[in-house]
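Student: I'd like to go through the charged side chains in this one, if you have a moment.
Tutor: Gladly; let us have the sequence and the model in view before we begin.

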Amino acid sequence: MSADRRDPREDQVRRMLDGPHPALPPDLAARAVRRGGRRLRQRRAVRRTAGLLLAVVLVVFLVRVGVEQPWATEPAQVTPPLEGW
């Protein structure tokens, strides 16, 4: 592409990038490290809590299924019991 056929937006972006850059706060890296560590601890806590909750739900489900035994069907009552003959 020739220099005269460049996109005006590209020229504007080049001027912005070549211009003076704003000064960064001196403690920016330390704040980023603290925030990243905090987010990492929160994410770990959420994962542990979710895993613990899933384990509790699984145990409750297994105990309930073991007590109620839904696979065992009751015998069908076709005729009434013979009483009082």
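**Charged pairs**

Tutor: To start at one residue, Glu 68 has a relative accessibility of 52% and counts as exposed, and please keep in mind that this is a predicted model.

Student: Which residue does Glu 68 meet in a salt bridge?
Tutor: Its side chain meets that of Arg 64, with 3.3 Å from N to O, and Arg 64 is itself exposed, at a relative accessible area of 54%.

Student: Where do Arg 64 and Glu 68 sit along the chain?
Tutor: Both belong to helix H2, which covers residues 28-68, and because they are 4 residues apart there, about one helical turn separates them.

Student: OK, and how many salt bridges are there?
Tutor: The count comes to 4 salt bridges, and one of them joins Arg 14 to Glu 10, where the closest N and O atoms are 2.8 Å apart.

Student: Which helix holds Arg 14 and Glu 10?
Tutor: They lie in helix H1, residues 8-18, and their spacing of 4 residues places them about one helical turn apart. Arg 14 is partly exposed, with 42% relative accessibility, and Glu 10 is also partly exposed, with 29%.

Student: Switching topic, what does Asp 27 form a salt bridge with?
Tutor: Asp 27 pairs with Arg 31, and the closest N and O atoms of the two are 3.7 Å apart, which is a salt bridge because the cut-off is within 4 Å. As for accessibility, Asp 27 is partly exposed at 36%, and Arg 31 is partly exposed at 38%.

Terms used. Residues numbered from 1 in each chain as written. Predicted model: local features only at pLDDT ≥ 70, side-chain atom pairs only at ≥ 80, totals over all residues. Heavy atoms only, no water. Helix = DSSP H or I, 4+ residues; strand = E, 2+ residues; numbered from the N terminus. Buried < 20%, exposed > 50% of the residue type's maximum accessible area, 1.4 Å probe, protein only.
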